[in-house]
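Please examine the sequence and the structure shown here. The paragraphs that follow lead through the strands, the charged pairs, the cysteines and a pocket in turn.

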Amino acid sequence: MSDLAGKHIVLGLSGGIACYKAAELCRALIREGATVQVVMTEAAAQFITPVTMQALSNQPVFSSQWDSREPNNMPHINLSRDADAILVAPCSADFMAKLLHGRADELLSLMCLARPIAAVPLLLAPAMNREMWAHPATQRNMAQLSADGAHILGVGSGFQACGETGDGRMLEPMELLEDLIAFFQPKLLAGKRVLVTAGPTFEALDPIRGITNHSSGKMGFAIARAAREAGAEVTLVAGPVSLATPRGVTRVDVKSALQMLEATMKEEPRADIFFATAAVADWRPVTHSKEKIKKEGAGKDPVVAFTENPDILLTVAQGQRARSGELYCVGFAAETHDLVAHARAKLARKGIPLIVGNIGPLTFGLEDNQLLLVDRHGVQEFPRASKVALARRLVAEVARRLPAAA
Ligand code: C5P
């Protein structure tokens, strides 16, 4: 993936032990296709050398406002003019205080002040001891910096380099990367609530065994991520999968179809869009033995009776909110053949505005997929791409179809 292709990021480092994470962040940005210009304060150079950052960014590092390598001797102007964003990571408590007051006595703060404020966003990744983080001065500065147009990324929580435990650690490089990628996505679903079901369900026979299917949950997780990137508040009801929760998404873990139905119906009254991507088991065993079912001896095969599971999508689609158009439902169809015909039939059966078809064996467990959007007007094909790229296209398509806000 190259989610930052064509983006030029100025990576600012202020003084803090989290500078060691900036090296990994720099590499991650470049791996995603960005070009990176590093600007460091003198304090940052106490924690990590410009040599390291130059080698990783493949660009000379700037640290001084008197750097005469620039023909006009104005690195604070030149460096920010072609940036798509300035990301200060780590952003120390002291650096925040400087930004707040518009101080400009060294290159990094000078450059932040001199940036074209409407064209070059400033993102800050705070990093400090938990007491410094909780201090009213820091919290006050942060609120004012937000009001001044800076984007404050969160902080991590846990064991800190000082030996204390609490909030204030810099986010991990991969978390910062995800946040930056999300930052650049258009906010097509701002203010919307999105509900997603994903993964398989597991229908227990006894405490040891059960029936499930090959769904990996990757498409549903990608949709949850894309919806969050588009600015929505997202709840992801996930069957048993071992995927990482996309950043900023609320996850509810369930096992069986009945649990998935319950969790879904709890969220349904607040949702604006429902993506039913889960591969819900059609049947569950009628009885669930409390103890392991034992072999009874040669020739005595067990007989398991099944009963049909509730159709979660159908239940939601038949509800008052979906029928009145308040809730937009998107169903999925995983087939092995005759995709269009099956998808059309499903559209009618479930009474929903949009079905997304895919070929089961060509998607299960894979990182990429291809989709067919089927609605009452016709068929639209999304050619093979990564699941995240397809999810972003699907989210944009759904956003376009939502009724305009009154
Ligand atoms: O009826 P069928 O299983 O083919 O339909 C697939 C669509 O319905 C998917 O969107 C799936 O998430 C949803 N579904 C559901 N509950 C079920 C079965 C399917 O929500 N019990």
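Two strands are said to pair if DSSP finds at least two bridges between them. With that in hand, one may turn to the sheet, bearing in mind that this is a predicted model. In β2, the residue that bridges to glycine 12 is valine 39, and leucine 11 has valine 38 of β2 as its bridge partner. These contacts belong to the pairing of strand β1 (residues 8–13) with β2, which is parallel and runs over 6 bridges.

The two strands form part of an open sheet of 5 strands, with parallel pairing and the order β2-β1-β3-β4-β5. Its edges are β2 (35–40) and β5 (151–152); each has a single partner strand, so one side of each is left without a neighbour in the sheet. Strand β1 is mostly covered, with 6 of its 6 residues buried. From β1, His8, Val10 and Gly12 point one way, while Ile9, Leu11 and Leu13 point the other way, and all are buried.

The charged side chains come next. Side chains of opposite charge can pair when their charged atoms come close. The structure holds 26 salt bridges. In one of them, aspartate 179 and arginine 247 meet through their side chains at 2.7 Å, N to O. This pair links distant parts of the chain, 68 residues apart: aspartate 179 is in helix α8 (residues 173–184), and arginine 247 is in the loop between β11 (233–238) and β12 (250–253). Aspartate 179 counts as buried because its relative accessibility is 16%, which is under the 20% limit for that class. Arginine 247, by contrast, is partly exposed, its relative accessible area being 25%.

Another salt bridge joins glutamate 229 to arginine 392, with the closest N and O atoms 2.7 Å apart. Glutamate 229 lies in helix α9 (residues 218–229) and arginine 392 in helix α14 (residues 387–401), so the pair ties together parts that are 163 residues apart in sequence. Both partners are classed as buried: glutamate 229 has a relative accessible area of 4%, and arginine 392 has one of 17%.

A further salt bridge lies within α14. Glutamate 397 and arginine 400 form it, and their closest N and O atoms are 2.5 Å apart. Both residues lie in helix α14, 3 residues apart, which is about one turn of the helix. How does each partner stand, buried or exposed? Glutamate 397 counts as buried, at 9% relative accessibility, whereas arginine 400 is exposed, with a relative accessible area of 60%. Elsewhere, salt bridges that share partners join Asp3, Arg225, Glu229 and Arg392 into one network.

The cysteines may be considered next. How many disulfides does the structure hold? The number is 0. A disulfide requires two cysteine sulfur atoms within 2.5 Å. The sulfur of cysteine 26 has its closest cysteine sulfur, that of cysteine 19, at 12 Å, and is therefore too far away for a bond. Cysteine 91 is likewise in no disulfide, the nearest cysteine sulfur being that of cysteine 112, 8.1 Å away. Cysteine 26 is buried, with a relative accessible area of 0%, and cysteine 91 also counts as buried, at 0% relative accessibility.

The largest pocket offers another view of the model. About 930 Å³ of space lies in this pocket. It is lined by 37 residues, of which Ala278, Ala279, Val280, Asp282 and Phe332 are the closest to its centre. Four elements each supply at least two residues of the lining, namely α9, α11 (312–317), β16 (328–335) and α13 (339–350). Of the elements, β16 gives the most to the lining of the largest pocket, with 4 residues. By class, this lining has 15 nonpolar, 13 polar and 9 charged residues.

A final residue to locate is glutamate 262, which is placed in helix α10 (residues 257–267). Its relative accessibility of 58% is the reason why glutamate 262 counts as exposed, since that class begins over 50%. Between glutamate 262 and valine 379 there are 33 Å in space, C-alpha to C-alpha, and the two are 117 residues apart in sequence.

Technical notes
Residues are numbered from 1 along each chain as its sequence is written. This is a predicted model: local features need pLDDT of at least 70, side-chain atom pairs count only at pLDDT 80 or more; totals for chains, interfaces and linings use all residues. Side-chain values use heavy atoms; hydrogens and water are left out. Buried means under 20% relative accessible area, exposed over 50%, partly exposed in between (1.4 Å probe, protein chains only). A salt bridge is a side-chain nitrogen of Lys or Arg within 4 Å of a carboxyl oxygen of Asp or Glu. On a 1 Å grid over the protein atoms alone, a cavity is a set of points where a 1.4 Å probe fits but cannot get out, and a pocket is an open set with protein on both sides within 12 Å along at least five of seven lines; lining residues have an atom within 4 Å of a point. Grid points are joined across faces, edges and corners, and a volume is the space filled by probe spheres set on the points. Ala, Val, Leu, Ile, Met, Phe, Trp, Tyr, Cys and Pro count as nonpolar, Asp, Glu, Lys and Arg as charged, and the others, Gly among them, as polar.
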